[in-house]
Amino acid sequence: MGSQSALSVTDKRRGRPRDESATEFLRDFPALLALGRLPVPILAVDDAGEISFANEAFAAMVGYSSEDLATMTAQSLVLCIAPADSGVVAVLREHASSVIRLFHADGWTMPALLSDSVLIRDGEKLAVVAFTDLTEIAWDRSPDDGLLPG
């Protein structure tokens with residue numbers, strides 16, 4: 001099979017017209033598909049704390065299945081969001097670029113660096129955030145370090 005035939009098969013598989021540029025293709029690429037494939041833990045929650053999306057990397061980090069996460073709330077996963085708090089998006093924005101603690105499925109809390117939301121419009125009712133697991137870094141520090149899982 002020649003290189004032109006392989007290209008045709010690839011274009012057909014992706015549903016991409018042969019004359020479409022990469023930029024045009026990216027403009028129409030589904031965001032959830034891209035977020036789902038990222039190796040970075042991603043979580044999307046609405047202002048009430050309902051989980052709208054969690055990718056496999058996030059599920060693996062916190063030890064829950066995707067099915068379990070679909071029935072949970074941000075308040076049950078993120079320590080800085082107390083059940084009495086209102087406005088989950090505002091709380092996540094307040095803690096952006098900070099080390100927070102996540103509840104792991106095994107019952108302990110884990111340190112994680114919280115990103116700012118990729119959605120930055122004023123009054124946004126959805127936060128899409130990324131996490132960096134700091135557990136391994138915490139274990140490399142002294143045993144008295146407050147970052148250690150607990």
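Is Phe131 buried or exposed? Phe131 is buried, because its relative accessible area is just 2%, and buried here means under 20% relative accessible area, with exposed being over 50% and partly exposed in between (1.4 Å probe, protein chains only). Let's use that residue as a way in.

A quick word on the ground rules. This is a predicted model, where local features need pLDDT of at least 70 and side-chain atom pairs count only at pLDDT 80 or more, while totals for chains, interfaces and linings use all residues. Residues are numbered from 1 along each chain as its sequence is written, and side-chain values use heavy atoms, with hydrogens and water left out.

Phe131 has a ring partner. The rings of Phe58 and Phe131 have centres 5.3 Å apart and planes at 45 degrees, so this pair is tilted. For the rule behind that word: rings of Phe, Tyr and Trp (its six-membered ring) pair if their centres lie within 6.5 Å, and planes under 30 degrees apart count as stacked, over 60 as edge-to-face and the rest as tilted. Phe58 lies in helix H4 and Phe131 in strand E5, so the pair ties together parts that are 73 residues apart in sequence. Helices (H or I, at least four residues) and strands (E, at least two) are DSSP runs, numbered from the N terminus. Phe58 is buried too, with a relative accessible area of 0%.

What does Phe58 touch, not counting residues up to four places away in sequence? The list is Pro41, Ile42, Leu43, Leu69, Leu77, Leu102 and Phe131, where touching, or contact, means heavy atoms within 4.5 Å. The C-alpha atoms of Phe58 and Ile42 sit 5.7 Å apart, although 16 residues separate the two along the chain.

Now zoom out a little. Phe58 and Phe131 are among the residues that touch the most other members of the largest nonpolar core, together with Leu43, Val45, Leu69 and Leu102; this core has 26 residues. A nonpolar core is a set of buried Ala, Val, Leu, Ile, Met, Phe, Trp, Tyr and Cys residues joined through side-chain atoms within 4.5 Å. The elements giving two or more residues to it are strands E1 (42–46), E2 (51–54), E3 (98–103), E4 (109–114) and E5 (126–133), plus helices H4 (56–62) and H6 (88–94). There is also a second, separate core of 5 residues, and it includes Ile42, Ala44, Phe53 and Ala130.

Leu43 is a good one to click on next. Setting aside neighbours within four places in sequence, Leu43 is in contact with Ile51, Phe53, Ala54, Phe58, Ala127, Val128, Val129 and Phe131. Ala54, in E2, is also the bridge partner of Leu43. E1 and E2 pair in the antiparallel sense over 3 bridges; strands pair if DSSP finds at least two bridges between them. Their hairpin has 4 residues between the strands, and Gly49 takes a positive phi near 100 degrees there.

Move along the chain and you meet another hairpin. E3 and E4 run antiparallel and are joined by 6 bridges, with Arg101 matched to its bridge partner Pro111 in E4. This hairpin has 5 residues between the strands, and in it Gly107 takes a positive phi near 100 degrees. Thr109, in strand E4, counts as buried at 11% relative accessibility. The side chain of Thr109 makes a polar contact with the side chain of Arg101 at 3.0 Å. A polar contact is a pair of N or O atoms within 3.5 Å; within protein, one must be able to donate a hydrogen and the other to accept it, and residues adjacent in sequence count only if both atoms are side-chain atoms.

What about the loop between E4 and E5? Ser117 lies there, and at 7% relative accessibility it counts as buried. The side chain of Ser117 reaches two backbone nitrogens: that of Leu119 at 3.1 Å and that of Val128 at 3.0 Å.

Finally, back to Phe131 from another side. Val40, in the loop between helix H3 (31–37) and E1, is partly exposed, with a relative accessible area of 36%. The C-alpha atoms of Val40 and Phe131 are separated by 7.1 Å, with their places 91 residues apart along the chain. Leaving aside neighbours within four places, Val40 is in contact with Asn55, Ala57, Ala130 and Phe131.
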